[in-house]
Amino acid sequence: GVAMVQPGTGQVMGVGQNRTWKQTQLLYAMQPVQQGSTFKPITLAAALENGWDIAQTLDAPTYITKGGKQFHNQSAVDAGTMNAADALAVSSNTFFVKLETEQTSVADVQAMAKRLGMRLPEDVTGTEPATTLGVYDVTPVTVANTYATFAAHGVACRPTWVTSVEGPYFPGGKTLDAQCRQELEPGVADTVANALTTVIDGPN
């Protein structure tokens, strides 16, 4: 399933899937699935809050061991010395594991995810380096809403399917509150959003 959320309002603008309701009886945009590499910008946001400069580089090896577990990249182009924007473009696993564990912390990354509206398992301890690789299940609406926060200069909102209601119990109508708030510093959010353009446009 896919979802679109309007930055700055939390309004769910649309959802889509390649199965009909008659086939599945499910709205895939609200079904939790493993997030995968779409989690990596959250790690970047945590590192930026911790003082990481987007122009800094890290050496991303082919393999890396953290927390007693080995992580690897999917191809040779994912390894080497690169900055965070280029690492997003090639989706380098080892870069983001190093960024998470050496330039911020797993606990800070998990806290960032929760601030941006993601629900993590209750038993996370802040010591799971696989967090940055999106190993936990979230809904497509939640992921879209997180990215909307980056696009809205750090303003985070609750995903809202209905913006207002009218009827005999609500004379004149009632607008529903998306509980928007300034969750990230605009500079942090804008830096992440700008870095994400390399995923489409390619690395420098």
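Visitor: Let's start with a tryptophan. Which residues does Trp52 touch, leaving out those up to four places away in sequence?
Guide: Happy to begin there, and please keep in mind that this is a predicted model. Contact here means heavy atoms within 4.5 Å. With sequence neighbours up to four places away not counted, the residues touched by Trp52 are Leu44, Ala47, Thr57, Leu58, Ala84, Phe95, Leu99 and Gln103.

Visitor: Which residues touch the most other members of the largest nonpolar core?
Guide: That core has 35 residues. Trp52 is one of those with the most contacts to other members. The full set is Leu44, Trp52, Phe95 and Leu99.

Visitor: Which element gives the largest share of this core?
Guide: Several elements supply at least two residues each, namely α2, β4 (57–60), α3 (84–90), α4 (93–103), α5 (106–115), α6 and α7 (186–201). The largest share amounts to 6 residues. The element that provides it is α2.

Visitor: How many residues of α2 are buried?
Guide: Buried means under 20% relative accessible area. Lys40, Pro41, Ile42, Thr43, Leu44, Ala45, Ala46, Ala47 and Leu48 are buried in α2, and the cover over them includes α3, α4, α5, α6 and α7. The helix is largely enclosed by the rest of the structure, because the count of buried residues is 9 of the 10.

Visitor: Now the helix pairs. Is α2 parallel, perpendicular or oblique to α6?
Guide: Helix α2 (residues 40–49) and helix α6 (residues 140–151) have axes 11 Å apart and pack at an angle of about 40°. Angles under 35 degrees count as roughly parallel, and 65 to 115 as roughly perpendicular. The α2 helix is therefore, relative to α6, oblique.

Visitor: What classes of residue make up the contact of α2 with α6?
Guide: From α2 come Pro41, Ile42 and Ala45, which meet Thr146, Tyr147 and Phe150 of α6. By class, this contact has no charged residues. What it does have is 5 nonpolar and 1 polar.

Visitor: And how do the residues of the contact of α2 with α4 divide by class?
Guide: The axes of α2 and α4 cross at roughly 35° and come within 10 Å, in a left-handed crossing. Lys40, Thr43, Leu44 and Ala47 of α2 meet Asn93, Phe96, Leu99 and Glu100 of α4. Residues three or four places apart in an α-helix point the same way, because each turn has 3.6 residues. By class, the contact of α2 with α4 divides into 4 nonpolar, 2 polar and 2 charged.

Visitor: Turning to the backbone, what is the phi of Gly51?
Guide: Gly51 comes after α2. Its phi is positive, near 105°.

Visitor: Where is His153, and is it buried, partly exposed or exposed?
Guide: Most residues other than glycine have a negative phi. His153 has a positive one, near 60°, and sits in the loop between α6 and β9 (155–156). Its relative accessibility is 45%, so His153 counts as partly exposed.

Visitor: What is the relative accessibility of Gln179?
Guide: Gln179 is also a residue other than glycine with a positive phi, near 55°. The loop between β11 (170–175) and β12 (181–182) holds Gln179. Gln179 counts as partly exposed, because its relative accessibility is 44%.

Methods:
Residues are numbered from 1 along each chain as its sequence is written. This is a predicted model: local features need pLDDT of at least 70, side-chain atom pairs count only at pLDDT 80 or more; totals for chains, interfaces and linings use all residues. Side-chain values use heavy atoms; hydrogens and water are left out. Axes are lines fitted to C-alpha atoms, for helices over the stretch in contact, and angles run from 0 to 180 degrees between N-to-C directions. Helices (H or I, at least four residues) and strands (E, at least two) are DSSP runs, numbered from the N terminus. Angles under 35 degrees count as roughly parallel, over 145 as roughly antiparallel, 65 to 115 as roughly perpendicular and the rest as oblique. Ala, Val, Leu, Ile, Met, Phe, Trp, Tyr, Cys and Pro count as nonpolar, Asp, Glu, Lys and Arg as charged, and the others, Gly among them, as polar. A nonpolar core is a set of buried Ala, Val, Leu, Ile, Met, Phe, Trp, Tyr and Cys residues joined through side-chain atoms within 4.5 Å. Buried means under 20% relative accessible area, exposed over 50%, partly exposed in between (1.4 Å probe, protein chains only). A crossing is left-handed if the near helix is turned anticlockwise from the far one by less than a right angle, and right-handed if clockwise.
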